[in-house]
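Hello,

Please find the structure below, handed over for you to look through. My notes on what was found in it follow.

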Amino acid sequence: MIDLSEFKTVGFIGLGAMGRPMLAHLANKLPRESHIWIFDVLEQAVDELCADYPDKVSKAMSARDVADKVDTVITMVPEGSHVRSVYLDPKNGVCSTDISNKLLIDCSTIDTATSLAVKNHIAENFPTASFYDSPVSGGVVGAIKGTIAIFLGCSESDPNLERLTKLMGLMGKQIIPCGGPSLGLAAKLSNNYLSGVIAIACSEAFDMGMRSGLDPRTLARVYAAGTAQNTICDKFCPVPGVYSEAPSTGGYKQGFKVQLMRKDFGLAVDMANRVGAKNVLGDVGLQTYDGAAKDPRCKDLDSRVVYRYLGGQENWQSKHES
């Protein structure tokens with residue numbers, strides 16, 4: 001039986017929109033005697049978290065510095081190039097120091113080839129270290145609430161599964177082993193492809209219904225009651241004002257940035273092409289997110305801003321409440 005007291009020293013690298021609340025859960029839930037060392041290229045984020053948890057969290061000067069100080073390293077960075085740099089930089093990377101016997105967990109959503117390259121490098125140079133892809137799903141809201149799903153690139157018979165589940169369970173609600181190295185990422189890219197397609201479909205469906213005279217709140221009830229029910233409509237509704245906690249209601253300001261959806265959708269389309277899957281919605285979906293990511297009205301906002309990009313009505317309340 002794994003006890004949380006085993007995690008005496010933990011490192012966290014990458015304190016962006018997802019990483020920051022994930023780190024906060026660790027700081028709040030790990031035992032008092034545990035200590036966390038953190039690093040991010042944005043020093044302000046590091047300093048703020050150290051100030052928030054002065055007795056629990058300390059500042060490291062590089063990814064290598066984190067790895068030197070801890071037994072378990074968690075990384076959460078935006079792209080494959082960042083993962084390569086964090087782990088493989090010859091001067092300041094995690095692998096530039098001795099990481100023998102350490103547990104390394106990468107929560108980034110990147111291409112499977114990069115993840116396998118990092119894993120193979122670690123296996124060849126530090127055979128007693130353990131590296132796992134562990135991407136997450138549920139958005140910033142889920143990260144804040146601690147309800148994200150976590151997809152582990154390991155089998156159910158993996159000797160580290162119990163340790164991984166115990167630690168990752170502090171940050172998420174569902175921990176799902178997906179079968180082996182890089183398969184957590186394959187699952188995540190498949191998930192984000194589906195989520196991205198649903199967001200476009202939801203935006204189009206709401207728009208056509210609203211243009212026909214329907215209140216979007218009524219449409220949301222209809223979708224929830226029928227075969228169209230889905231999480232995007234329920235909790236991430238692209239129409240502002242339908243669901244109070246959806247990013248759209250707050251001006252699309254908090255959530256999964258449209259540029260990141262464009263990145264993940266592109267990675268998913270690339271994966272589909274590589275494995276020979278036929279995706280009839282892939283190219284048009286990628287074109288849609290590519291356009292939205294470049295649109296100044298949508299850039300840096302939650303990916304469900306695709307509703308705005310497609311011409312959806314945002315000030316519908318004035319019509320239905322007049």
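Subject of the notes: two domains and what joins them

The unreviewed UniProt entry carries the annotation "domain: 3-hydroxyisobutyrate dehydrogenase-like NAD-binding", which covers residues 184–309. In the model, which is a predicted one, this span is 62% helix and 0% strand, and its end C-alpha atoms lie 31 Å apart. A second annotation in the unreviewed UniProt entry, "domain: 6-phosphogluconate dehydrogenase NADP-binding", covers residues 9–178. The span 9–178 is 39% helix and 22% strand, with 27 Å between its end C-alpha atoms.

The domain assignment of the chain has its own bounds: domain 1 is 9–181 and domain 2 is 186–319. I use these two domains in what follows.

Where the domains meet

The C-alpha centres of domain 1 and domain 2 are 29 Å apart. On the side of domain 1, 16 residues are in contact with domain 2, and on the side of domain 2, 13 residues take part. The size of an interface is often given as the accessible area lost when the parts come together. Here the area buried between domain 1 and domain 2 is about 1200 Å², and carbon and sulfur atoms give 63% of this. Which residues of domain 1 lose the most area to domain 2? They are Thr-109, Thr-112 and Val-141, which together account for 35% of what that side buries.

The rule finds one salt bridge across the interface of domain 1 and domain 2. Separately, seven residue pairs in polar contact are found across this interface, with both residues at pLDDT 80 or more. Two elements each give two or more residues to the side of domain 1 that touches domain 2: β7 (136–137) and α6 (139–145). The largest share of that side, four residues, comes from α6. Sorted by class, the side of domain 1 that touches domain 2 has nine nonpolar, four polar and three charged residues.

Salt bridges

How many salt bridges does a search of the whole structure find? The number is 15. One of the pairs is Lys-59 and Asp-47, whose side chains meet at 3.1 Å, N to O. Lys-59 is in strand β3 (residues 57–59) and Asp-47 is in helix α2 (residues 43–52), so this salt bridge ties together parts that are 12 residues apart in sequence. Another salt bridge joins the side chains of Glu-245 and Lys-145, at 2.7 Å, N to O.

One residue to look at: Thr-9

Thr-9 is placed in strand β1, residues 9–13. A polar atom of the Thr-9 side chain lies 3.0 Å from the backbone nitrogen of Asp-71. Leaving out residues up to four places away in sequence, Thr-9 touches His-35, Lys-69, Val-70, Asp-71 and Thr-72. Asp-71 is thus on both counts a partner of Thr-9.

Regards

Note on methods
Residues numbered from 1 in each chain as written. Predicted model: local features only at pLDDT ≥ 70, side-chain atom pairs only at ≥ 80, totals over all residues. Heavy atoms only, no water. Domains from an automatic or database assignment. Contact = heavy atoms within 4.5 Å. Buried area = accessible area lost by both parts, 1.4 Å probe. Salt bridge = Lys/Arg side-chain N within 4 Å of Asp/Glu carboxyl O. Polar contact = N/O pair within 3.5 Å; in protein donor to acceptor, adjacent residues only side chain to side chain. Nonpolar A, V, L, I, M, F, W, Y, C, P; charged D, E, K, R; others polar. UniProt positions renumbered as here; feature names shortened; annotations may be inferred.
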